[in-house]
Amino acid sequence: MTLIGHDDAWQQWRTALAGERMHHAWMLTGRSGLGKMQFAHQAARELVAEPGTTQPAGHHPDIHILQRLPKDEKEEKKQADGKPFDSKRNITVAQIRAMQQRLNTRPTLGSRRAIIIDPSDDLEKGASNALLKSLEEPPIGTFFLLITHRPARLLPTIRSRCRIVRFPVVSDEELAFFLSREAPDANPATRQAAIVAASGSPGAALDFVDRDLGTLFSLMQSIVREGDPDFQHRGRLSEAIGARPNRDRIQATIDLARSVLAGTTSDAAKAGYPALVDAHAELVKLGSQAPMYNFDPGLLIAEIGTLLASAAPPRDRANV
C-alpha cells in the first residue's frame with residue numbers, strides 16, 4: 001500500500017534501485033507521523049527481494065530494525081505479551097555494535113540486507129560515532145535507512161553520507177479522506193479537530209483519534225484564547241492527561257500544544273506574535289528534552305499549560 005504523500009519518495013527509491021549503483025545510506029526526513037517507517041520497511045523488502053527466491057511474509061532475516069529497547073525486564077515482558085511498554089530513552093552503542101557484528105556475516109537469503117534505524121534522532125552519542133564507521137566503510141550489499149524527525153540532531157558527518165528523501169505534510173482534504181478510511185467510527189467533530197491538530201501529519205491525526213485527545217485540544221485552545229487567570233483550565237488539563245502519563249502520552253501532549261499555538265497564528269493580532277513565538281520555542285525545547293530528562297509529569301503539564309497561557313492576548317495573561 002502506498003501512503004499519501006509518498007509518490008515522490010517511491011519514484012526516487014525505485015529509480016535508484018533500477019540503476020547500476022545504489023547509494024548505500026538513505027535518510028528519510030519529515031515530521032513524525034508521515035509514514036516514514038512504513039516506507040522504510042516496504043522499501044527494504046523490495047531491496048532484498050531477488051528473482052527466484054521466496055520471500056517470507058513476516059519477519060525477514062535480511063532486514064534489521066533498530067529501535068529503542070524496553071527499559072527493563074518488566075517492560076520486556078509487556079513487549080513479549082504484545083502490551084504497551086516503556087522504552088529506553090536512546091538507541092544504545094551496544095545495539096549498534098551488535099548490528100555491526102552481524103555485518104561480518106553474509107545475508108541469509110540473497111546478496112543484500114537492509115538496516116533500518118527508527119528514529120536515528122534517538123541514537124546516543126557513542127552510538128552515532130559507532131554508526132559513522134559503518135557509513136564510511138559499508139560492507140558490500142548492506143544498505144542503511146535512517147528515519148529522522150529532527151535531522152539537525154544528527155552528526156553533520158552522518159547527514160553528509162546519506163542521500164536525503166523528504167516526506168511532505170499532506171493537505172487537509174487528504175487528511176479528511178485518510179481519517180474517513182482509517183477511523184470511520186470517529187465522530188465528525190473529532191475528525192475535524194484531529195485535522196487541525198495534526199498539521200498535515202496522517203499519523204498524528206490518527207493518534208489524536210486513538211488517544212482521544214479531543215478534550216486536551218479543546219482545553220488548550222481555551223487557554224490560548226482566554227488565558228487562565230484562576231488556574232482552572234490548567235487544573236482540568238492535568239486531570240485530562242492523567243496522574244501517571246507515560247512518555248508517549250507526554251510527547252503527544254507537547255506536540256499537540258505546539259500544533260495549537262501554530263494554528264493560532266493566523267487569527268492572532270501582530271502584537272501577540274512575540275509571545276506566540278516565544279511559547280512555541282519553549283515547547284520545541286521541552287519536546288526535545290522530554291525523552292531524555294526525568295521530568296515530574298505533574299510539573300511538566302503545569303509548565304505546558306503556563307506556556308499556552310503566556311501566548312494568550314495581553315489582557316488575559318494574568319498568572320503566567
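Trainee: What makes helix α10 oblique to helix α12?

Mentor: This is a predicted model, and in it α10 (residues 214-226) and α12 (residues 247-264) pack at an angle of about 45 degrees, with their axes 10 Å apart. Roughly parallel would need an angle under 35 degrees, and roughly perpendicular starts at 65. The angle fits neither class, so α10 counts as oblique to α12. The crossing of the two helices is right-handed.

Trainee: Which residues of α10 and α12 meet there?

Mentor: From α10 you have L216, F217, M220, Q221 and V224. On the α12 side they meet R249, T253, L256, A257, V260, L261 and T264.

Trainee: Why is α4 called roughly parallel to α5?

Mentor: The axes of α4 (residues 93-102) and α5 (residues 125-136) cross at roughly 20 degrees and come within 8 Å. Set that angle against the cut-off of 35 degrees: it falls under the limit, so α4 is roughly parallel to α5. Their crossing is left-handed. V93, I96, M99 and Q100 of α4 make the contact with G126, A127, A130, L131 and S134 of α5.

Trainee: F217 makes me think of rings. How many aromatic pairs does a search of the whole structure find?

Mentor: The search finds 5 aromatic pairs. One of them is F39 with F167, at 5.3 Å centre to centre and 75 degrees between the planes.

Trainee: How do you know that F39 and F167 are an edge-to-face pair?

Mentor: Two checks. Ring centres have to lie within 6.5 Å, and planes over 60 degrees apart count as edge-to-face. With 5.3 Å and 75 degrees, F39 and F167 pass both, so the pair is edge-to-face.

Trainee: What does the F39 and F167 pair tie together?

Mentor: F39 lies in helix α2 (residues 36-48), while F167 is in the loop between β5 (163-166) and α7 (172-182), so the pair ties together parts 128 residues apart in sequence. W10 joins F39 and F167 in one aromatic cluster. R14 lies over the face of W10, at 4.1 Å from the ring centre.

Trainee: Why do F39 and F167 count as buried?

Mentor: Buried means under 20% relative accessible area. F39 has 2%, so F39 is buried. F167 has 5%, so the label holds for F167 too. There's also the pair F208 and F217, edge-to-face at 5.8 Å centre to centre and 80 degrees between the planes. F208 and F217 are buried as well.

Trainee: Why is R68 called partly exposed?

Mentor: The class runs between 20% and 50%. R68 has a relative accessible area of 25%, so R68 is partly exposed. R68 lies in the loop between β2 (63-66) and α3 (73-80). Beyond neighbours within four places in sequence, the contacts of R68 include S87, D122 and R247.

Trainee: What makes the backbone at D212 and F231 worth a look?

Mentor: Most residues other than glycine have a negative phi. D212 has a positive phi of about 55 degrees, and F231 a positive phi of about 65 degrees. D212 sits in the loop between α9 (202-210) and α10, and F231 in the loop between α10 and α11 (232-241).

Trainee: How do you know whether D212 is buried or exposed?

Mentor: Exposed means over 50%. D212 has 57%, so D212 is exposed. F231, at 44%, is partly exposed.

Technical notes
Residues numbered from 1 in each chain as written. Predicted model: local features only at pLDDT ≥ 70, side-chain atom pairs only at ≥ 80, totals over all residues. Heavy atoms only, no water. Phe/Tyr/Trp six-rings, centres within 6.5 Å; stacked < 30°, edge-to-face > 60°. Helix = DSSP H or I, 4+ residues; strand = E, 2+ residues; numbered from the N terminus. Buried < 20%, exposed > 50% of the residue type's maximum accessible area, 1.4 Å probe, protein only. Lys NZ or Arg CZ within 6 Å of the ring centre and 35° of its normal. Axes fitted to C-alpha atoms, helices over the stretch in contact; angles between N-to-C directions. Parallel < 35°, antiparallel > 145°, perpendicular 65-115°, else oblique. Left-handed = near helix turned anticlockwise from the far one by under 90°. Contact = heavy atoms within 4.5 Å.
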